[in-house]
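Have your viewer ready and keep the selection box at hand. We will go from stop to stop, picking residues and helices and looking at what surrounds them.

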Amino acid sequence: MGLQYKKKFGLMDYFRSPIQRNAILTAFAFLAIPMLVYLIFVVFPIFQAAYFSLYKWNGLGSLTDFRGIDNFTKIFTDPIFGKAIANNFKIVFLSLIFQIPLSLMIALVIARRFKGAVIFRTIFFLPYILSEVIAGTIWSFVYNPQIGIQNTVLADWIPWLANFQFLGHQDTVFASIFVVLIWKYFGLHMVILIAGMQSIPVEVEEAAYIDGVNKWQLNWHIILPLLKPTILLSIFFSIVGSFQTFDIIWAMGRGDPVNGAETMVTYMYKYGFQRFQLGFGSAVAVVIFMITIGVSLLYQKFTAEKES
């Protein structure tokens, strides 16, 4: 009997086959333009911002005033930036405490098919369709001390709220804006969770009812464990989005008064585009990028350990 052996194929062997070679070249042709766009508009600006962050620069002329890490030292010694970071992490924490559970509860109710379920899904998802600027402007009128909700509705039951400026007090501005953030984004998480529930086979639910479980036991012991990957995805979106909060806050008062609703992005915008300190603003952008990447990696590591 002759010796039998298996021939090992490498990448060059695929190129020797006309069919495989054409397939690979076609794939590269389709990927070339998207990759080029990604490199130009995503990767290059990251390195460019890192380069600008080492200089004191107002956006005009050449980069000549090299400062090294001075911009970063200024960032981490500025108490306003410390407050902005604290506000971002407060948004993360409160979103996980209120926004995700609210979305989950509503999803558990309207995911099931009943008369009017589609109407309720549409109503709850509508705020997410609005742009952040429009949503912020609408709620600025809601909180308006002359024509807002506190004068038209709440003042009848709570007289001291008449002409109260929810967005004009340092103690209430953050909570007022966070209410808007919940209203704006819980519909997105609700739709994500409903999509996850619809991927659960109907037979699982039917078998559970045959075994005699009630709705509470079904949701807690069967639906939620099967929905865990979708919940983790929704949490990840909430965390990343919390670090990028800008438009609504800017439309409702630019983070003021007294930086009560300041976030890292509003802080960056004020220095980079209002005060024309683009070098310092770029340093803030680099810090935001590193914090977001760090938190994302830690979260993925944590979830990977839990799943394993």
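Select Ser53 and show everything around it: leaving aside neighbours within four places in sequence, Ser53 is in contact with Gly68, Asn71, Phe72, Gly279, Ser282, Ala283 and Val286. Keep in mind as you look that this is a predicted model. Ser53 sits in the loop between α2 (18–52) and α3. Is Ser53 buried or exposed? With a relative accessible area of 1%, Ser53 is buried, since the cut-off for that class is under 20%.

**Into the core**

Now select Ile75. Not counting residues up to four places away in sequence, Ile75 touches Phe81, Phe280, Ala283, Val284 and Val287. Ala283 is thus a partner you have already met, as it is also in contact with Ser53.

Ile75 leads into the largest nonpolar core, which has 45 residues. To see its best-connected members, select Ile75, Phe81, Leu104, Met197, Ile231, Met264 and Val284, the residues with the most contacts inside this core. Next, colour the elements that give two or more residues to the core: α3 (70–77), α4 (79–110), α8, α10 (215–226), α11 (228–243), α13 (264–274) and α14 (278–307). Which element gives the most? That is α4, with ten residues.

There is a second, separate core of 18 residues. To find it, select Tyr143, Phe166, Val173 and Phe174, which are among its members.

**A serine in α11**

Go on to Ser242, which lies in helix α11. Ser242 is buried, at a relative accessible area of 3%. What does Ser242 touch, not counting residues up to four places away in sequence? Its partners are Asn88, Ile91, Val92 and Ser95. Try a distance label here: the C-alpha atoms of Ser242 and Ile91 are separated by 5.9 Å, although the two residues are 151 residues apart along the chain.

**Two helices against α8**

Show α5 (residues 117–129) together with α8 (residues 170–198) as cartoons. The two helices pack at an angle of about 130°, with their axes 6 Å apart. That angle makes α5 oblique to α8, and their crossing is left-handed. Turn on side chains for the residues in contact: Arg121, Phe124, Phe125, Pro127 and Tyr128 in α5 meet Trp183, Lys184, Tyr185, Phe186, Gly187, Leu188, Met190, Val191, Ile194 and Gln198 in α8. Sorted by class, this contact has eleven nonpolar, two polar and two charged residues.

Leave α8 on screen and swap α5 for α6 (residues 132–142). Here the packing angle is about 135°, and the axes are 11 Å apart. That makes α6 oblique to α8. Which hand does this crossing have, left or right? The crossing of α6 and α8 is right-handed. Glu132, Ala135 and Trp139 in α6 meet Val179, Val180, Trp183, Lys184 and Tyr185 in α8. By class there are six nonpolar, no polar and two charged residues in this contact. Try highlighting Trp183, Lys184 and Tyr185: these α8 residues meet α6, and they meet α5 as well.

**The loop before α8**

Select Ala162, found in the loop between α7 (149–152) and α8. At 35% relative accessibility, Ala162 counts as partly exposed. Beyond its neighbours within four places in sequence, Ala162 is in contact with Gln150, Asn151 and Ala155. A distance label from Ala162 to Ile149, 13 residues apart along the chain, reads 9.3 Å between C-alpha atoms. Asn163, in the loop between α7 and α8, has a phi near 65°, a positive value in a residue other than glycine.

**Backbone details around α13**

For the last stop, select Asp256 and Pro257. The peptide bond from Asp256 to Pro257 is cis, with omega near 5°, and Pro257 is found in the loop between α12 (247–251) and α13. Val258 lies in this loop between α12 and α13 too, and its phi is near 50°, a positive value in a residue other than glycine. Val258 is exposed, with a relative accessible area of 54%.

Continue into α13, which is mostly covered: eight of its eleven residues are buried. To show them, select Met264, Val265, Thr266, Tyr267, Met268, Lys270, Tyr271 and Gly272. Finish just after α13 at Phe276, which takes a positive phi of about 55°.

Conventions. Residues are numbered from 1 along each chain as its sequence is written. This is a predicted model: local features need pLDDT of at least 70, side-chain atom pairs count only at pLDDT 80 or more; totals for chains, interfaces and linings use all residues. Side-chain values use heavy atoms; hydrogens and water are left out. Axes are lines fitted to C-alpha atoms, for helices over the stretch in contact, and angles run from 0 to 180 degrees between N-to-C directions. Helices (H or I, at least four residues) and strands (E, at least two) are DSSP runs, numbered from the N terminus. Angles under 35 degrees count as roughly parallel, over 145 as roughly antiparallel, 65 to 115 as roughly perpendicular and the rest as oblique. A crossing is left-handed if the near helix is turned anticlockwise from the far one by less than a right angle, and right-handed if clockwise. Contact means heavy atoms within 4.5 Å. Ala, Val, Leu, Ile, Met, Phe, Trp, Tyr, Cys and Pro count as nonpolar, Asp, Glu, Lys and Arg as charged, and the others, Gly among them, as polar. A nonpolar core is a set of buried Ala, Val, Leu, Ile, Met, Phe, Trp, Tyr and Cys residues joined through side-chain atoms within 4.5 Å. Buried means under 20% relative accessible area, exposed over 50%, partly exposed in between (1.4 Å probe, protein chains only).
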